[in-house]
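Thank you all for coming. I would like to take a few minutes to walk through a structure that may be new to you, so please have a look at it before I begin.

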Amino acid sequence: MTHLSEKSAVAASMELTFEVERFLYKEARLLDTEEFKAWLDMLTEDIHYWMPYRYQRYRKNHVEPTVNDQSYYNDDMHNLKRRVLRNETGTCWSEDPATRSSHVVSNIEVENTDKPDEYKVYSLITVNRNMNEDEEHLMVGHRTDILRRVDGQLKLAKRKIILDQNIFMNKSLNVFL
Amino acid sequence: MSNNTDYHQFIDNKEGWVDRRIFWEEEIYERELKQIFAKSWQFIAHDSMIPNANDFYTTYMGEDGVIGARQKDGSVKVFLNSCPHRGNKFCFADEGNTRSFICNYHGWSFGIDGKLGALANEHVYDEGDIDKDKWSPKQARVETYKGLIFATFDEQAPSLEEWLGDFTWYLDMMFDNDGETEFINGGIKSYVNANWKFGVENFIGDAYHALWNHDSGLKAMNNGEGFGPAVTENSFHASVNGHGWEFGTDGYADVVINGSEKWLNYVRDIIKPKIKDKYGELRSNIFGSLASVSIFPNISFLPGIQTFRVWLPRGPKKLELRIFTIVNKNMPEDIKQEINNGCMMTFNPAGVLEMDDGENWEGNTAVNKGYITRQEKLHYGCGITRQIDHEELPGIIYKGQFNDANQRHFYTRWADLMNAESWSDVPTRYTPRHTKTTK
């Protein structure tokens, strides 16, 4: 196992790693400032944005979630646009006053893949969400992304988010992770 | 609250109000655990969640942790998830497959039937120290309705059939419209800092909030189009034993909210004709219309959108929501996936409709911290004079789905059970038809 993954996972150059980091930080900033249209522009048209359900099972009963199971997010571009549309209807009462969020991206690792224009990126996402009078929520998850270079620009093509929480501890997930 | 508190004092169906203290007071909540959750039939799991022998699923009946487990003979047993030695949970997994459970603390083991088996280091016990037959976790009564597994700890409770009563006239069109149903794999669990009754009463009859509160969510799912004007004709509230179904008869609004054209076509071409054949025209028009349902005390679902959920109480100010997606077993795989995706887009903590609901219910609950605030009443008077007799619809029927009728009857049932010392004290408040609707 170790040999195989070491062989296929070639760490990216410092230059590429730096570029990916800048990309992820910019994405985090756009999400914090609710510039959702600009965020959508950072995604490929065939984006798959996925956050599966979580259960705790015994080790002997372990199964990996699939895209056919329940999931918090299992979105293509069409569905992501639906979510952004909701925020822009002018009748999204729960977002007025606006939610305040801080996306912290860390533990970034970049690997080359078999495709010359695609990179696999691991990162840790921590979101602090503050809303209404005094509600504060913390969400921490592991992200595995595929970034693709399209016309010279990096874009997000795939994202899988695995949250630490088994029972989702908050009433809503109104932020992208 | 004293022992002889009359819980009907907290609701008034003539003036149409509910006392806010039932959403806040610890003593009332403790009474609910005893009078509502320890008496009622509770949802445990869908058959499809534990299909094979030794499959199990852990959940709660009120705040009592239980395990629902499939036996070798195909039956299901439900028993407390608490070791009779020092009390610790002996299963910490949400689900899985196992031949036995072993308590982490001292190593007492329990079969898939819940019976106490071997003890670790059993030689420390002398002959006669323990009679194992008497020291197994408490078992609940288990009955099923069309794939839904229910349990109760009350030996005296009426049968599940009697508990559901004529409500099966409605339930059949959801759980038996084209053969058996199943749940999509998974189950999303979340906490909402709200009283459990706010979730239940929203689904039992609150079509009203959808128009205003869910305008943005509906526009997101329906290409920017909101709800049409509220139609009060040909729509109804139906209440049976505290269960409630509010519905229109226009045919497709909830299917549209799910957001899949493929599913919409499937409802039109396959589901509706089957319902018409089996149950007649009226029910084929009801299925898929703007509608929402709760089964007393804490189960809800949306026909057409296909979300199914249970509201588990976690104290008076918090609930755990467990969400499932319901489909028919015989549907093509792509239809199941369309339904699941639409269901998840709309109804889970990240759903474009669900995320507005939790906000409301937390607000409804939190304000009662104010002493003066919680002495004030809440208005439940919408459509209070609209009760009718309907020749086809069983139960207590009101005209117009924009109504508080099902909510009023839910709280009436709640008060009936809160007061009852025995089942003979619990009145049947509708006229049963004793219609056999199942084939």
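I will go through chain A, then chain B, then the core and the contact between the chains.

Please keep in mind throughout that what you see is a predicted model.

Let me start with chain A, where an open sheet of 7 strands has mixed pairing and follows the order 1-4-5-6-7-2-3. Strand 1 (10–11) and strand 3 (71–75) of chain A each have a single partner strand and stand at the edges, so one side of each is left without a neighbour in the sheet. Within that sheet, strand 4, residues 100–112 of chain A, and strand 5, residues 118–131 of chain A, run antiparallel and are joined by 11 bridges, and Val110(A) is found opposite Val121(A), which belongs to strand 5 of chain A.

Across part of this sheet lies helix 2 of chain A, residues 14–32, which covers strand 4, strand 5, strand 6 (135–150) and strand 7 (153–163) of chain A, and which runs at about 160 degrees to strand 4 of chain A.

Turning to chain B, the domain assignment gives domain 1 (42–144) and domain 2 (166–425). The centres of domain 1 and domain 2 of chain B, taken over C-alpha atoms, are separated by 33 Å, and the contact takes 7 residues from domain 1 of chain B and 7 residues from domain 2 of chain B. On the domain 1 side of that contact in chain B, the residues divide by class into 3 nonpolar, 3 polar and 1 charged.

Which residues have the most contacts inside the largest nonpolar core? This core has 151 residues, and the ones in question are Val20(A), Leu147(A) and Phe150(B). Helix 13 of chain B, residues 405–419, gives the most to this core, with 7 residues, and at least three residues come from each of domain 1 (42–144) and domain 2 (166–425) of chain B. As for Phe150(B), if we leave aside its neighbours within four places in sequence, its contacts include Trp41(B), Phe43(B), Ile44(B), Tyr145(B) and Leu160(B).

Finally, we come to where the chains meet, with 40 residues of chain B in contact with 32 residues of chain A. Among the elements of chain B that give two or more residues to this side are strand 20 (319–328), helix 10 (333–346) and helix 11 (354–366), while helix 6 of chain B gives the most, with 6 residues. By class, the side of chain B that touches chain A has 18 polar, 13 nonpolar and 9 charged residues.

Definitions and conventions. Residues numbered from 1 in each chain as written. Chains lettered and ligands numbered in written order. Predicted model: local features only at pLDDT ≥ 70, side-chain atom pairs only at ≥ 80, totals over all residues. Domains from an automatic or database assignment. Contact = placed C-beta atoms within 7 Å. Nonpolar A, V, L, I, M, F, W, Y, C, P; charged D, E, K, R; others polar. Pairing = 2+ DSSP bridges. Helix = DSSP H or I, 4+ residues; strand = E, 2+ residues; numbered from the N terminus. Axes fitted to C-alpha atoms, helices over the stretch in contact; angles between N-to-C directions. Core = buried A, V, L, I, M, F, W, Y, C linked by C-beta atoms within 7 Å. Buried ≥ 20, exposed ≤ 12 C-beta atoms within 10 Å, placed from the backbone.
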